[in-house]
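The following questions and answers go through one model residue by residue and then turn to its interior and its surface. Please keep the sequence and the structure in view while reading.

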Amino acid sequence: MPGQAATPPRVLKWYRVYAGALAAAFLGIILLGIALPVIDPGRQDDMPAWFVPAAMIGCSLPFLAAYVAAFFVPAKPWAWTYHLVLIAGGLTSACCMPVCIALLIAWLKPETKAYFGRA
């Protein structure tokens, strides 16, 4: 069975830190979207009062689910790609880019691929 015999690569620990940090960030955006009507009840723009909080919550929920699911995905060949997509998603943010580049370099190494059964 792939991923069962090999010891976890070191990058996996740092990947979990990355996934946890982004999950916490998206949870923070969701909580801010819930609190926004209380914080700023008298908005005076053209949008309905519910639009911005709904957009914050609606756009953040799938990402929160994806980064939380990263902790429960088994060490299978398809999971290596799943995690790679989450790392690549962080490359779209300038503040996450340095971490994602380092993670990406380590993620593409043969020992990480072997752990997930992609060798």
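Q: Is Thr112 buried or exposed?
A: This is a predicted model, in which local features need pLDDT of at least 70 and side-chain atom pairs count only at pLDDT 80 or more, while totals for chains, interfaces and linings use all residues. Residues are numbered from 1 along each chain as its sequence is written, and side-chain values use heavy atoms, with hydrogens and water left out. Buried means under 20% relative accessible area, exposed over 50%, and partly exposed in between, for a 1.4 Å probe and protein chains only. Because its relative accessibility is 1%, Thr112 counts as buried.

Q: Which backbone oxygen does the side chain of Thr112 reach?
A: Thr112 lies in helix α5, where helices are DSSP runs of H or I with at least four residues, strands are runs of E with at least two, and both are numbered from the N terminus. Contact means heavy atoms within 4.5 Å, and, not counting residues up to four places away in sequence, Thr112 touches Pro9, Val11, Trp80, Ala106 and Trp107. Its side chain also comes to 3.1 Å from a backbone oxygen, a polar contact partner that belongs to Ala106.

Q: At what distance does the side chain of Ser60 reach the backbone oxygen of Met56?
A: Ser60 lies in helix α2 and is buried, since its relative accessible area is 4%. Leaving aside neighbours within four places in sequence, Ser60 is in contact with Phe26, Ile29 and Ile30. A polar contact is a pair of N or O atoms within 3.5 Å; within protein, one must be able to donate a hydrogen and the other to accept it, and residues adjacent in sequence count only if both atoms are side-chain atoms. From the side chain of Ser60 to the backbone oxygen of Met56 the distance is 2.9 Å.

Q: Which helix gives the most residues to the largest nonpolar core?
A: A nonpolar core is a set of buried Ala, Val, Leu, Ile, Met, Phe, Trp, Tyr and Cys residues joined through side-chain atoms within 4.5 Å. The largest one has 27 residues, and those with the most contacts inside it are Tyr15, Tyr18, Tyr67, Ile87, Trp107 and Phe116. At least two residues of this core come from each of α1 (10-39), α2 (51-69), α3 (77-90) and α4 (97-107). With nine residues, the helix that gives the most to this core is α1.

Q: Which residues are in contact with Tyr18, leaving aside its neighbours within four places in sequence?
A: Tyr18 is one of the residues with the most contacts inside the largest nonpolar core. Once its neighbours within four places in sequence are left aside, the residues in contact with Tyr18 are Tyr67, Leu86, Ile87, Gly90, Val99, Cys100 and Leu103.

Q: What is the relative accessible area of Ala119?
A: Ala119 lies in the segment after α5 (110-115). Apart from neighbours within four places in sequence, Ala119 is in contact with Lys113 and Ala114, and its C-alpha atom is separated by 43 Å from that of Ala54, 65 residues apart along the chain. Ala119 is exposed because its relative accessible area is 89%.

Q: How far apart are the C-alpha atoms of Ile101 and Ala88?
A: Ile101 is found in helix α4 and, at 40% relative accessibility, counts as partly exposed. Ile101 and Ala88 are 13 residues apart in sequence, and from C-alpha to C-alpha their separation in space is 8.7 Å.

Q: What is the relative accessible area of Arg10?
A: Arg10 lies in helix α1, and its C-alpha atom is separated by 19 Å from that of Tyr67, 57 residues apart along the chain. Arg10 is exposed, since its relative accessible area is 73%.
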